[in-house]
Every structure is written in C-alpha cells, then in structure tokens.
Amino acid sequence: MPTAFDRYRLTYSEVVDRAISFAGRPHDVYTAAKAQRLLDLARRRLGGLPQDALDVGCGLGLTDSHLARDIPELHGVDVSETMVEGARERNPAVHYRSYDGRALPYETGRFALVFAICVLHHVEPNARAALLAELCRVTRPQGLVAVFEHNPWNPLTRRVVRACAFDEGVRLLSRRQLVDGFRAAGLIVTDAEYLLFSPWRTRAVVSLERRLSRVPAGAQYVVAGHPAS
C-alpha cells in the first residue's frame, strides 16, 4: 500500500537536514543521541541491554544503525515498503518487514524492548490509542516500551516541523498527552523526560541535560513504561 513517505526514500536525510540547518548540525547527531538515551533507559529499567527489540515506524533504519551492535536480535516494522527496502539495504543484519498500520505482525509478548521514535505525531489522533495498545501487546510483561516525540512547547521544534516537508499538517502531542496515552494502553509509566536541549553533544552538555530532564524546554521528550500485567 503506497504511503506518503514512499517518495522520501532517497531524499529523507536531505529533507531533514534542510529543516534543521539553522542549528548547524546534521540530523544523525540527534539520531545517535536518541539511540543512546534508549540504551540507557533499557539498562536502567531492564537491568541490562535487551537481547531483542522492535523499532516501530523504523523508516530507513537510521536509528537501528546505532543500535544493531548492542542488540543481538533487532527488528523493524513500517507501513512504507519502500522505506523498509531502504532499511534492509542499510542494516542487513536487522529483521525488517512492512505492515498495514493496524495490528503489528508479531505475537503477544514477543519483545523485551519496543520503541517508536517520532512516529506518533504522524498517526491520526483517533488512531494513536490503538497503536500504543499494540506497542504494549507485543512487549513482554517485564519489558519496556519507549516512545520519543517532538516537544510542542519548544519554538525551535515547531520551526523544524513547519519546515519539514513530510511533517505538513501533523498535530504534535505533549508529554502529558503521551503519558495519559500510555496509561490508557495499560502501561505503567517509569520515565517521562525531556532531551536534546542543545545541538552540541559534549559530555558536559549531556550531563547538564540529564539534570534538566524535567524542564519542558528540550526539543524532544521520551516516555517509557512497563506493561501493567
């Protein structure tokens, strides 16, 4: 089934880099930072790195490129078959498949870690609850779900979204809305943190950002939690 993202397989990075050019850093800097935060969350909440994980809305597998060496069995799924083909070329060791955007094509409790990075704002608001419920369903009882999203209270984030061709018409959701969505989906929230306060990723900046994680000024945020049962 054709999707709006199919046309961006060859130009995705160029489109994003153009939208964030004012910050003076390539978007892979931010991708790597979110991948590292995801691994840190896994260590904190799972007691170590998971043996398996699922990237929902994987796109071209850009995040997976930063995770594959640390997660032995990494899977990715997306509604765009064209993007999935690009992800397979980028990360041949990762298991990719496409799906119809409804039920994730995995059995209940399949993964220790399930994550979605800047995906939910592309989902129609009335369909977000169903996707969060699916993330919960395919996660093990003691596993972890993590969702990263744009912070709508950050003016620079709103500027990036306005400038990004494939973000046209999207409706961003706040951290509070996502926390409420987690709980409605049967997830116990363990973390709700802001991140990416600066485009510069020095050790001092990263350390400061961790201390500011409750301040709603970061460009993005992450909400994480365990299935309730």
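The protein's accessible surface comes to about 10900 Å², and 53% of that belongs to carbon and sulfur atoms. Keep in mind that this is a predicted model.

**The overall layout**

There are 7 helices and 7 strands to find your way around. Going along the sequence, they turn up in the pattern α-α-β-β-α-β-β-α-β-α-α-β-α-β. Of the 229 residues in the protein, 50% are buried. What about contacts between parts of the chain that sit far apart in sequence? Taking the contacts with a separation of 6 or more, 71% are between residues 24 or more positions apart.

**A buried aspartate in β1**

D52 is worth a look with the side chains switched on. You'll find D52 in strand β1, which covers residues 52-56. Is this aspartate buried or exposed? With a relative accessibility of 7%, D52 counts as buried, because the cut-off for that is under 20%.

So which polar partners does the D52 side chain have? One is a side chain: D52 and R140 are joined by a polar contact of 2.5 Å. Another is on the backbone: a polar atom of the D52 side chain lies 2.8 Å from the backbone nitrogen of A112.

Both partners show up again in the wider neighbourhood. Leaving aside residues up to four places away in sequence, D52 touches I71, E73, R110, F111, A112, L113 and R140. Part of that list falls in a strand you'll meet again below, since β4 spans 111-117.

**Two positive phi values outside glycine**

Two residues stand out for their backbone angles. C118 has a phi near 50 degrees, which is positive although the residue is not a glycine. L196 does something similar, with a positive phi near 60 degrees in another non-glycine position.

Where do they sit? C118 is in the loop that runs between β4 and α4, the helix of residues 128-137. L196 is in the loop between β6 and α7. That strand covers 187-195 and the helix covers 203-211.

Are these loop residues buried or exposed? C118 is buried at a relative accessible area of 15%, and L196 counts as buried too, at 6% relative accessibility.

Here are the buried residues discussed above, with their places and values.

| Residue | Place | Relative accessibility |
|---|---|---|
| D52 | strand β1 (52-56) | 7% |
| C118 | loop between β4 (111-117) and α4 (128-137) | 15% |
| L196 | loop between β6 (187-195) and α7 (203-211) | 6% |

Terms used: Residues are numbered from 1 along each chain as its sequence is written. This is a predicted model: local features need pLDDT of at least 70, side-chain atom pairs count only at pLDDT 80 or more; totals for chains, interfaces and linings use all residues. Side-chain values use heavy atoms; hydrogens and water are left out. Helices (H or I, at least four residues) and strands (E, at least two) are DSSP runs, numbered from the N terminus. Buried means under 20% relative accessible area, exposed over 50%, partly exposed in between (1.4 Å probe, protein chains only). A polar contact is a pair of N or O atoms within 3.5 Å; within protein, one must be able to donate a hydrogen and the other to accept it, and residues adjacent in sequence count only if both atoms are side-chain atoms. Contact means heavy atoms within 4.5 Å. Accessible areas come from the Shrake-Rupley method with a 1.4 Å probe; for residues, only the protein chains shown count as cover.
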